[in-house]
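Q: Please take a close look at a single part of this structure and explain in connected prose what surrounds it.

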Amino acid sequence: MDQRGRPPEVDWPARPDLSLALNRMGTFDWDLDRGRMHLDATALEVLGLRPEEFDGTPAGLRRRVLPGDEARLDARVEQALKDGRSHYGAYFRTLREHAEPGWTHVQGHIVRDPHGHPYRIIGILRDAAQDPGEPGAGGERDEGRRRMTGVVERTTAILAHARTVNDVTDVLKDPEALGHLGAVSVMLGIVDGGRIHLVAEGQLGAYVPEIEYTRIDAELPMSEAVRSLQPVFLASREEFQRRYPQLWPYIEPLSVRSGVYLPLIAQGRPVGALGLLYTRDGDFDGEERNLLVALGSGIAQGLQRAMLFEQEHDLAEGLQRAMLPRVIPEVPGARIAVRYRAARIGRDIGGDWYDVVPLGEGRVGVTIGDVEGHDTDAAAVMGQLRIVLRAYVLEGHTPGTAMARASAFLRDLATERFATCTYAEVDLNTGMLHLVRAGHLDPVVRRGDGSCHRIQVAGGLPLGLPPREHQGSGSGYPVTTLELHPGDTLLLCTDGLVERPGGDPETGMREFMEAAANGPADVEELADVLCDLVGDAGGGDDMALLLLRRRGTPAPRGGGPLRHRLVPGDADGPAVARHLIRAAVAAWGAWDRADEIELAADELMTNALVHTDGGGQVAARLTAEGRIRIEVEDSSSALPRRREAGDWAVSGRGLMLVDRLADAWGVEPRGAGKCVWCEFAVPGPGPGPGPTGG
């Protein structure tokens with residue numbers, strides 16, 4: 001005894017473990033990596049567990065924690081770990097032997113390694129039965145009301161951002177949202193004509209199959225709530241059995257003891273109904289009813305917005321798809337795959353497009369583009385731009401000229417919009433690929449060996465912008481030429497495929513190229529793989545993709561095309577062209593006809609240089625039919641005609657000579673100019689001396 005007569009119950013100062021124990025506070029240590037948990041003696045006492053009942057794992061606590069609170073507690077811990085927090089706290093109810101559920105408070109400190117990985121939680125378990133204003137000792141109902149008020153506020157705020165019905169159902173099934181209401185089951189039904197369609201059910205595993213579709217006039221609580229526009233409150237199991245005998249067989253085996261069914265009313269009409277089932281007994285007081293009605297109102301507004309967003313998006317997406325080609329034509333010599341995916345942003349859609357234009361004689365044009373903006377006007381402009389670019393190409397305009405005219409057309413629309421675009425024209429006989437780019441992404445070529453290359457295409461301004469002042473007489477859209485070998489694949493896409501939320505577009509492009517290089521050989525399968533890079537959400541933008549693979553086997557040496565520019569005033573140009581043509585003809589096995597082919601080509605080149613102002617271009621290639629074709633393009637729209645020249649005339653015999661030398665010849669309009677061509681049958685490889693150059 002001390003001098004005051006008090007026994008020395010504790011040392012001074014008290015040890016920390018004794019201080020905690022006297023205040024019914026126990027400690028725990030949770031090894032996250034190994035899944036082991038240590039509880040001291042006081043913590044076991046707080047939870048009502050005997051030492052032999054606890055197996056040293058978190059699962060060993062479940063026999064003492066109410067199911068609804070267990071899920072909520074797990075979600076709280078998972079969220080703290082995910083958010084990188086160092087602490088968390090929560091109240092939960094525990095089942096004690098031969099006693100009513102009691103309230104316990106947990107507070108944990110999360111320990112992380114230098115890399116931020118959580119590996120341990122050290123904390124305190126406290127008996128909260130006597131907390132003032134907290135659960136227990138008359139504070140349970142106050143705490144419940146506070147939780148319900150917070151749930152209503154949080155749920156309404158979250159639903160304000162819901163874009164789809166799935167977003168709404170995800171919120172309703174989230175334990176962090178409605179789980180705090182204490183409901184063991186959550187059901188959402190949507191009014192569909194004279195029926196209610198159950199679109200979401202469950203939260204903690206309770207299943208009440210009110211049938212997926214029920215009639216509004218059925219004797220079921222959800223139907224009654226929709227029919228009467230009034231909430232249905234059920235305070236006991238007896239009331240379930242008495243009022244809804246059709247539903248009772250499904251309720252009877254469950255631990256459900258009460259429930260509420262709320263009509264979801266938006267703009268004066270029911271759009272659905274919400275059902276909540278509880279394990280608690282007793283009626284809902286006035287404040288609880290008001291909170292639940294407020295919850296139903298918030299869910300109704302979010303559900304109606306989501307339904308309108310989906311309807312408007314479907315309408316806008318239908319408009320956009322109507323602007324795209326309905327059928328991709330079969331192109332001999334090529335395999336083509338296209339993909340389009342709309343961003344799920346309500347009625348907002350983009351102006352992404354693709355097109356495939358067969359040009360005849362083994363040539364095909366492909367386009368990918370994107371009109372600025374995300375609305376129906378962007379889709380309408382896209383449709384007009386796609387059609388007009390197709391028209392210019394089919395008229396025979398060169399790629400650069402077609403792009404320049406499309407840009408002028410967009411400016412004339414006075415929409416104040418611009419568009420990016422890439423147009424590629426490929427001759428599948430020769431593999432010659434002509435690319436022109438208007439502010440768009442560079443294309444990618446996957447070679448037959450699987451390697452991928454980003455093609456640096458000389459680009460012009462986006463379509464619709466005024467041309468540069470120093471542009472001069474050119475179109476402003478230079479053409480890049482390369483050869484697409486058999487087995488090579490041209491990949492064109494819009495930026496929705498390579499953009500990543502908060503990321504660098506170059507990162508997305510690297511991922512795109514890696515996926516293309518490692519993807520399957522089939523173009524349809526490869527297109528699916530590339531689309532999967534961004535999933536359904538992507539970067540919030542529309543996405544269009546076009547793949548073109550050249551079929552066939554590699555051509556023999558010398559089988560590739562020949563092109564040479566003819567410049568006025570260049571005296572050596574025709575001579576160089578004649579030399580290259582003779583060498584190519586020899587390589588193609590037509591040495592016996594080399595003289596007449598060279599002479600015919602010389603006549604066509606002379607006509608272009610003499611009778612036009614801008615020079616031209618001469619091309620020679622071996623066609624799929626095994627003929628040698630000579631083409632000379634110039635900028636004059638005047639068509640030549642064959643005429644008989646007098647004995648003493650110094651000109652006029654060019655086309656007559658071509659007609660007699662060639663097996664066929666003709667003229668094709670090419671935009672503002674024309675192409676004069678002639679063809680020669682190849683007799684097969686001969687014993688001639690072979691190529692002399694080039």
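**A buried arginine and its surroundings**

A: In this predicted model, the side chain of R549 makes a polar contact with the side chain of T489, at 2.6 Å. R549 belongs to strand 22, which covers residues 543-550. Although R549 is buried, it has no salt bridge. The nearest side chain of opposite charge is that of D522, 6.3 Å away, whereas a salt bridge requires a side-chain nitrogen of Lys or Arg within 4 Å of a carboxyl oxygen of Asp or Glu.

Leaving aside neighbours within four places in sequence, the residues in contact with R549 include G333, A334, R335 and R446. G487, D488 and T489 are also among them, as are A521, D522, V523 and L526.

Several of these names lead to helix 13. D522 caps the N-terminal end of that helix, with a side-chain oxygen 3.1 Å from the backbone nitrogen of E524. Helix 13 itself comprises residues 523-531, and its buried residues are V523, L526, A527, L530 and C531. Seen down the helix axis, these buried residues fall within an arc of 135°, so they line one face of helix 13. An α-helix has 3.6 residues a turn, so residues three or four places apart point the same way. Two of the buried residues of helix 13, V523 and L526, are in contact with R549.

As for the wider setting, the chain has 694 residues, of which 47% are buried. Its secondary structure comes to 16 helices and 27 strands.

Conventions. Residues are numbered from 1 along each chain as its sequence is written. This is a predicted model: local features need pLDDT of at least 70, side-chain atom pairs count only at pLDDT 80 or more; totals for chains, interfaces and linings use all residues. Side-chain values use heavy atoms; hydrogens and water are left out. Buried means under 20% relative accessible area, exposed over 50%, partly exposed in between (1.4 Å probe, protein chains only). Helices (H or I, at least four residues) and strands (E, at least two) are DSSP runs, numbered from the N terminus. The arc is that of the directions from the helix axis to the C-beta atoms. A polar contact is a pair of N or O atoms within 3.5 Å; within protein, one must be able to donate a hydrogen and the other to accept it, and residues adjacent in sequence count only if both atoms are side-chain atoms. Lys and Arg count as positive and Asp and Glu as negative; His and the chain ends are not counted. Contact means heavy atoms within 4.5 Å.
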